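Here is a short set of exercises to work through with the sequence and the model open side by side. Try each task before you read its solution.

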Amino acid sequence: MIGAALGALLSHWTRRPFQLLTLVIGLATATALWSGVQAINAQARQSYADAANRLGEADLPVIEARGGGDLAQARFIALRRAGWQVAPIIEGQLASGDTAILLIGIDPLSMPPGRLPGGAGFGAEPGAGLDADFLAPPGVLLTGPETASQLEGALPVPVRAAEGMAEGRAYADIGIAQRLLNRPGRIDRMLVTGPGSLGAPSLERIAPDLAQRRPSGEDDALGRLTDSFHLNLTAFGLLAFAVGLFIVRGAIGLAFEQRRPVFRTLRALGVSRNALLGLLAAELAALALVSGAAGMGLGYLLAGLLLPDVAATLRGLYGAQVEGALSIRPAWWLAGLAIALAGTALAAAGSFWQVARLPLLAPAQPRAWALASRKLLRGQQLAALALAAAAIALALWGSGLIAGFALLGAALLAAALLLPSILQGALALGARTARGVVQDWFWADTRQQVPGLSLALMALLLALSANIGVGTMVSSFRLTFTGWLDQRLAAELYVTAPDAETAARMREYLAPRTGAILPIVQAEARIDGQPGAIYGVADHATYRRNWPLLGSVPGVWDRIAAGGSVLINEQLSRRAGLVPGDKIDLPGGRFNIAGIYSDYGNPAPQVMMGLTRFESEFPEVPQLRFALRVPPEAAADLARALRAQFGLGDDAVVDQAAVKALSLAIFERTFTVTAALNVLTLSVAGLAILTSLLTLGTMRLPQLAPVWSLGLTRARLARLELTRAILLAAITFLAAVPTGLLLAWVLLSIINVEAFGWRLPMHVFPGDWLRLGVLSLLAAALASLWPSIRIARTPPSDLLKVFANER
Amino acid sequence: MNADLAPPSASRRLCALCAVSLLLAAGPAGAQGFAGLGQAAEGFEPVRPGPFAFPRDHGAHPGFRIEWWYVTANLKDAEGTDYGIQWTLFRSALSPGGTHPDGGWATPQAYLGHAALTTREAHYTAERLARGGIGQAGVTAMPFEAHIDDWRLAGPSLRDVTLTARGERFGYELEMTAGGPFVAQGDEGYSVKAADGMASRYYSQPFYEVHGTLMLPAGTQTRGNGNGNAPPAAIREVAVTGQAWLDREWSSQPLSPGQSGWDWFSLHFDDGTRLMTFRLRDETQDDFASATWIAADGTPTPYRGDAISLTPLAASTVAGREVPTQWRLTLPERGVDIEVAALNPQSWMDLGFSYWEGPVTATGSHAGMGYLEMTGYE
């Protein structure tokens, strides 16, 4: 009996393979977007964790070259001899045959024993496997057992496997590693392994070109920033998943609706309600697992495609290292399949409820969806109102990033739920303009279609709103950012001297050749309990005219020059709730806040004080970097002359255009992933429309046949069908514009402030909307093209059959 | 045992190897004597008798397995408060030959520095490890400089040196001028140290006059070993004067396998004479004791084990173990019958490998100050 029942249920799919395809595609795409984003996030987190395990760098500060690049080994010796407790590290890819491993060279003597490979975090005894052979040429490569067997005999260095050590990377003594990497006398960075000797000079004094990075694990700002980035991605993944679920919901609803007679017959034949529900659940679970698995494959591909950009963004924006290669963990597969199952369950819940309450003797024909739609519409309106109220409450009283995203979700969902009502209203208005019988029929039939298409249109609304919202946010940010760069990078050239003596000679050389030499000096300091930086700023028109101030007291630059007042960046202002006129405690005393400046792309608090005051507070900070004012046309020549005269590298003399280009490149890369997800979401929405129209197409024959029989040609019907899809898409798009702007406002004024500490002015770009509008109409037209053509090609006999089957 | 050559101390503080063994093998005190010092010495340069060649011998002898420059000083400030400092640089050859044609990191030399500053209430310690061959640590004879990181023992010559070391919470900078000759230990510096013929090259400079500055946390009353987390809020500088003792020793296998630890004394008496004495505790045979009496003009007189007695009088609980911090020493031939007590019984060197070392006061037939080192109290 059960077997026969199952056969009866499944026969539906063989009769309607396209519906099955819709369901599978919807679920697979939803799972793909979701799991792709999750894979990226997991990879990034894994990279952070790996970095943390790597020699304990997560909880030890690291010293590296300020401008990037490697260091002479002598710098390590110099710091040690100045009393700093540092340990050198060299790192590089070591290729052997077709495998490449990450080779990490360490000095076991300056590294604390607990940090040695095999120590804490390496899963084995500290220093296990390290002995005199490790230090003395030819040395030893320590690595995981798998990597060890891969490398066996392929290198001029004996390889030793250590249980519990990471695969794909090997440790060697730094001298051995330098030779293997062909970089004698070079190191990449130093770990600060402990407090230095009493009275050891500051890093600024002995090595101004080196910077100490706070341990990544302790760095709240980095953690917070990368967290917000990942939350952003997750929100996008969730949005895409939701859009996909609309498709699934549509397909399942339809399949259940169409199988009502089968359900009734099966029940009448003695299949219990529970058995029927169980069979349906098993059927859906199987479908969900298959589609979910397909979606996971797609998600993996997607993640692989997007990961390099994500890695570049995280590195460029936050300095966080993420490996570019994707590695997949079992947990990811399980989570992906679970979300596919959960999504299917969510999408099918309503239908199940209906089947469970199916009266045994109810008419077995499919109900017109419209019959139930009035009640449904009321329910949707109520839910939308509740969600809108929740969104308003969150906007008023919520705080934190999660609340921001919850607000976003509630507002979007409210808009989506309201869409059918808006469509009905708009169509009712449109019906008033109708002239003639055909137009009347067109409007009425369109209204009749809304319930069936509403899920797909909701998906379109979500996708369009996200597109408008994120697009507005990115464009606003870009506009603000480029304007800000122009202000902030007012000087034509930026030079860095290798040492104080060169800097002095350089100033002499430059004095007759430039309009102004403005020192850029900086001291690291804890500001408002967070690691930040204090800059010294010269009293010069360059700043007075250009510096991007968000708010200030009168005579701000005179006050700064006088020394008792400072400027603070927007992040600090928002975090600490400081406004111009307040006071702030800094190393060196209490200062008045004379102004607030915007400081995009920097997560840390920052303060600017007058150069004279800075010099007296931080006398040990050498003046090595300068901004130069020269006529723009003379900049290139001067840069060349400076390089030649003082033997400076390319990095030491940078012109304004290069800095701007670099900053903008980082900016653009940051939003590559966002743009990609945007396009994907929109495509999914287009797919939703296509599948809805296609599945509805067959159901619409009874409605089309009478019109055809009254004299409308099939071609005319098809054109009307196309027009209808475009009209519905147009109304949806119009509804999406305010929704998208609301989304943009939330992103700019709430999410950005929470995540980065800056609020951006919102600019609207109607041109972009126009393009998107045309695009969405095109998508709708494209999606309805095939269904329309199908109508145009419906054999008249099929249309006639409608009357033959009239019940 | 060893009746004719009365080996002075020799096997004192051969810690370089234990640091390296701690680092490179597992566990400090293996089956081969304290810190693996009883291991075989194949391939390393053997110790041979003969006169020293100064100043060359003040420098490093990389062909030998181990070597050290070891300074202890008893100091007083203007109020008469007692302080002690220790400064040690150990060298350990990681493989025979002592050098490598590639130089740099390939140089098979490891250096270990230990520094301590002891007051009645506190004991601060610090440790530094470094590779030879890259400039981070090393010793040159002319002009004399021994250094590891920012710690230095350097002068124009070893008779006239500046000594500096700084830990996280303490530091010192001392000028040391030798007021007497270098004292060759054993047979012109050939120091046999066990019945089966183990030996080292060994000389001392016990006549340094010292003045300089100590840096220690201001207002501290707490006991500490300098390894606390927070750097001190304020530092107080103390001008001091006093006497220091330098030991120089190198060897390739200084300990007998059964020797598990030692108690070692160096004492400056108020009448200008010095006494160095020790006992080596042995798990497999009788303990081995020895002494050297150094006249005010630097003339050494070695004494065999049965001429001296070292008797623990009282022990203190230090770092969870019992360590004798009060002793009775007698050397009847010199009329010595003294009681030696630790200035600070908690002078525990809680470093990569741990031992007890700190300043002591002597009372009785001869009054004075000195240093005591005790190892192997596990």
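The exercises below go from whole chains to single residues.

This is a predicted model, in which local features need pLDDT of at least 70 and side-chain atom pairs count only at pLDDT 80 or more, while totals for chains, interfaces and linings use all residues. Residues are numbered from 1 along each chain as its sequence is written, and chains are lettered from A and ligands numbered from 1 in the order in which they are written.

**Exercise 1. Chain profiles**

Describe the secondary structure, burial and contact range of chain A and chain B.

Step 1. Start with the elements, where helices (H or I, at least four residues) and strands (E, at least two) are DSSP runs numbered from the N terminus. Chain A has 26 helices and 20 strands. Chain B has one helix and 23 strands.

Step 2. Turn to burial: a residue is buried if 20 or more other C-beta atoms lie within 10 Å of its own, exposed if 12 or fewer, and partly exposed in between, with C-beta atoms placed from the backbone. In chain A, 43% of the 807 residues count as buried. In chain B, buried residues make up 58% of 378.

Step 3. Now look at contacts, meaning residue pairs whose C-beta atoms, placed from the backbone, lie within 7 Å. Among contacts in chain A between residues at least 6 apart in sequence, 80% join residues at least 24 apart. For chain B, residues 24 or more positions apart account for 62% of the contacts with a separation of 6 or more.

**Exercise 2. Confidence**

Find where chain A is predicted with high and low confidence.

Step 1. Take the average of pLDDT, the predictor's confidence in each residue, from 0 to 100. Chain A averages 79, and 85% of its residues score at least 70.

Step 2. Go element by element. Confidence in chain A is lowest in helix α8 (residues 220–258), at a mean of 70, and highest in helix α3 (residues 73–81), at 94.

Step 3. Check the weak stretches. Over residues 119–129 of chain A, pLDDT stays under 50, and the model has 33 contacts beyond four places in sequence for them. Residues 216–221 of chain A also stay under 50, with 14 such contacts.

**Exercise 3. A helix pair**

How do the axes of α13 and α14 of chain A cross?

Step 1. Use axes fitted to C-alpha atoms over the stretch in contact, with angles from 0 to 180 degrees between N-to-C directions. The axes of α13 (residues 401–432) and α14 (residues 437–488) of chain A come within 9 Å and cross at roughly 145 degrees.

Step 2. List the residues that touch. Those of α13(A) include A:Leu419, A:Leu423 and A:Leu427, and those of α14(A) include A:Val450, A:Leu457 and A:Leu461.

Step 3. Sort them by class: Ala, Val, Leu, Ile, Met, Phe, Trp, Tyr, Cys and Pro count as nonpolar, Asp, Glu, Lys and Arg as charged, and the others, Gly among them, as polar. This contact has 16 nonpolar, five polar and one charged residues.

**Exercise 4. The interface**

Characterise the side of chain B that touches chain A.

Step 1. Count the residues: 30 of chain B are in contact with 26 of chain A.

Step 2. Assign elements. Those that give two or more residues to this side of chain B are α1 (15–24) and β4 (123–131) of chain B. The largest share, three residues, comes from β4(B).

Step 3. By class, this side of chain B has 16 nonpolar, seven polar and seven charged residues.

**Exercise 5. Unusual backbone in chain B**

Locate the cis peptide bonds, then compare B:Asp149 and B:Ala319.

Step 1. The bond from B:Phe54 to B:Pro55 is cis, with omega near 5 degrees. B:Pro55 sits in the loop between α1 and β1 (66–77) of chain B.

Step 2. Another cis bond joins B:Met142 and B:Pro143, with omega about -10 degrees. B:Pro143 is in the loop between β5 (137–140) and β6 (145–148) of chain B.

Step 3. B:Asp149 is not a glycine, yet has a positive phi of about 50 degrees. B:Asp149 counts as buried because it has 27 C-beta neighbours inside 10 Å.

Step 4. B:Ala319, also not a glycine, has a positive phi of about 50 degrees. B:Ala319 has 13 C-beta neighbours inside 10 Å, so it counts as partly exposed.

Technical notes: Two residues are in contact if their C-beta atoms, placed from the backbone, lie within 7 Å.
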